[in-house]
Amino acid sequence: IGGFAFGAFAITWAWINFSWFASAFDTDDWVYRLTTMVQMVGVVVLALGLSDVFHSLEEGHGIDNGVVVAGYVVMRVAMLAQWLRLAAQSPEHRSAALTYAGTIAVAQVGWIVVAVVHMQLVPTIVASLALYVIELAGPFLAERRHPTPWHPHHIAERYGLLAIIALGEGVLGTVAAVQPIIEHQGWSGDAIVLVVAGVVLTFGMWWAYFAMPFGELLHRDRGGSFAFGYLHILVFAAIAAVGAGLHVGAYVIEGEAEVGYAEATRAVAIPVGIFLVAYVGIADVLMRRVHAAHVAMLAAAVAVLVLAVLLTETGTPFALDILLVAAAPWIVVIGAETVGRRHLAAHLDR
């Protein structure tokens, strides 16, 4: 879980920073495109290093994060160049740009030190948490006095696109994970249910996410931008974790896992719960109130997830448990499309 969090933060945070910058200052000239290409190279390097991180954690010899940090630093240095360029060319936004650049530079020096020193696991975690604080504090410090001219609908669209990409990986991952089962065992009942559950679950999460007009809410209240931007890290990570959980289920069905159906169910149910809580939380923050309808539908969805997890301990079929998990987002969908729409319309009118 720690390795997953490490990788998910590196990917999503670099992407988030780029998206907000692009929304405000996308010049689309040759310099901008070259720095974007450099960031793409960093993404590839980071992805190639993730297996080293998990292998080192599995072996219990600390954390081998050198390649991941190298890829992350490449992405962030390219972003640093963008902010310095803005500081040189825009007196109006120089203060904010230099603040962004300063925090990015300090954090990258820290990440390089963490990777080079090869500390034990606990000191690495402590140092990483400190660097996370620096990374997350940069936008807050920069935007507090000199906000950048980001576009709310553009930001909402960008976040929605990354959510779609993550959800698409869940569908692709389900197919890739179930394919070996079909090749060796044929179309077993559990394999069919896992495919159906994966598609239904992914589609339900997609529908729930896009039932909320985040762009309109950000347009009417830009003050919720930090909650929107930061809490989405949990949303993206949870979506990715759902795909990983479906992989676990496939490995259990295939007989290749050292865990059972109970662990496989939890590996899907827990990230689905995190996704729903974070999603509803973002909506309520942007609406500046906790809606009773939101609480009710979230409580019902979480109750179904808890029921699915509890049933796994009683020996119920895996098919029933995973289908219950897949049904949870649809409770939020139904609530959002009925009662939620009326509350949202009334809020926007006010």
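Where in the chain is His118 placed? His118 sits in the loop between helix H4 (94-117) and H5. The views below visit this loop and several other sites of a predicted model.

**Figure 1. The whole chain is built from helices, with 12 helices and 0 strands.** Followed along the sequence, the pattern reads α-α-α-α-α-α-α-α-α-α-α-α. The radius of gyration is 21 Å, close to the 20 Å that the globule rule gives for 350 residues, so the chain is as compact as a globular protein of that length. The C-alpha trace spans about 65 × 55 × 35 Å along its principal axes. Of the 350 residues, 49% count as buried. The accessible surface comes to about 16,200 Å². Carbon and sulfur atoms hold 70% of that surface. Among contacts with a separation of 6 or more, 78% join residues 24 or more positions apart.

**Figure 2. Helix H1 packs against helix H2.** Two packed helices are described by the angle between their axes and by the distance between the axes. H1 covers residues 2-25, and H2 covers residues 30-59. Their packing angle is about 170°, and their axes lie 9 Å apart. An angle over 145 degrees counts as roughly antiparallel, so H1 is roughly antiparallel to H2. On the H1 side, the contact is made by Gly3, Phe4, Gly7, Ala10, Ile11, Phe18, Phe21, Ala22 and Phe25. On the H2 side, the partners are Tyr32, Thr36, Gln39, Leu46, Leu50, Val53, Phe54 and Leu57. The residues of this contact divide into 13 nonpolar, 4 polar and no charged.

**Figure 3. Asp28 lies in the loop between H1 and H2.** Most residues other than glycine have a negative phi. Asp28 has a positive phi of about 55°, although it is not a glycine. Is Asp28 buried, partly exposed or exposed? With a relative accessibility of 42%, Asp28 counts as partly exposed.

**Figure 4. Val68 is a buried residue of helix H3.** Helix H3 runs over residues 66-89. Val68 has 1% relative accessibility; the cut-off for buried is under 20%, so Val68 counts as buried. Which residues does Val68 touch, not counting those up to four places away in sequence? They are Phe6, Leu46, Gly49, Leu50 and Val53. Of these names, Leu46, Leu50 and Val53 also appear on the H2 side of the contact with H1. Val68 and Val43 are 25 residues apart along the chain, and their C-alpha atoms are separated by 9.1 Å.

**Figure 5. Ile112 lies in helix H4 and touches Val69 and Val73.** Those two contacts leave out residues up to four places away in sequence. Ile112 is partly exposed, with a relative accessible area of 41%. How far apart are the C-alpha atoms of Ile112 and Gly66? They are separated by 8.3 Å, with the two positions 46 residues apart along the chain counted as their spacing.

**Figure 6. His118 occupies the loop between H4 and H5.** Is His118 buried or exposed? His118 is exposed, and its relative accessible area is 58%. Phe140 is 22 residues away from His118 along the chain. The C-alpha atoms of this pair are separated by 31 Å.

**Figure 7. Leu136 lies in helix H5.** This helix covers residues 121-145. Leu136 has a relative accessible area of 27% and is partly exposed. Setting aside residues up to four places away in sequence, Leu136 touches Phe9, Trp13, Tyr230 and Ile233. The C-alpha atoms of Leu136 and Ile104 are separated by 9.8 Å. These two residues are 32 residues apart along the chain.

**Figure 8. Arg288 lies in the loop between helix H10 (261-287) and helix H11 (292-312).** What is the phi of Arg288? Its value is positive, about 60°, although Arg288 is not a glycine. The relative accessible area of Arg288 is 62%, and the residue is exposed.

Definitions and conventions: Residues numbered from 1 in each chain as written. Predicted model: local features only at pLDDT ≥ 70, side-chain atom pairs only at ≥ 80, totals over all residues. Heavy atoms only, no water. Axes fitted to C-alpha atoms, helices over the stretch in contact; angles between N-to-C directions. Helix = DSSP H or I, 4+ residues; strand = E, 2+ residues; numbered from the N terminus. Parallel < 35°, antiparallel > 145°, perpendicular 65-115°, else oblique. Contact = heavy atoms within 4.5 Å. Nonpolar A, V, L, I, M, F, W, Y, C, P; charged D, E, K, R; others polar. Rg over C-alpha atoms; globule rule 2.2 N^0.38 Å. Buried < 20%, exposed > 50% of the residue type's maximum accessible area, 1.4 Å probe, protein only. Areas by Shrake-Rupley, 256 points an atom, 1.4 Å probe, with all protein chains shown as cover.
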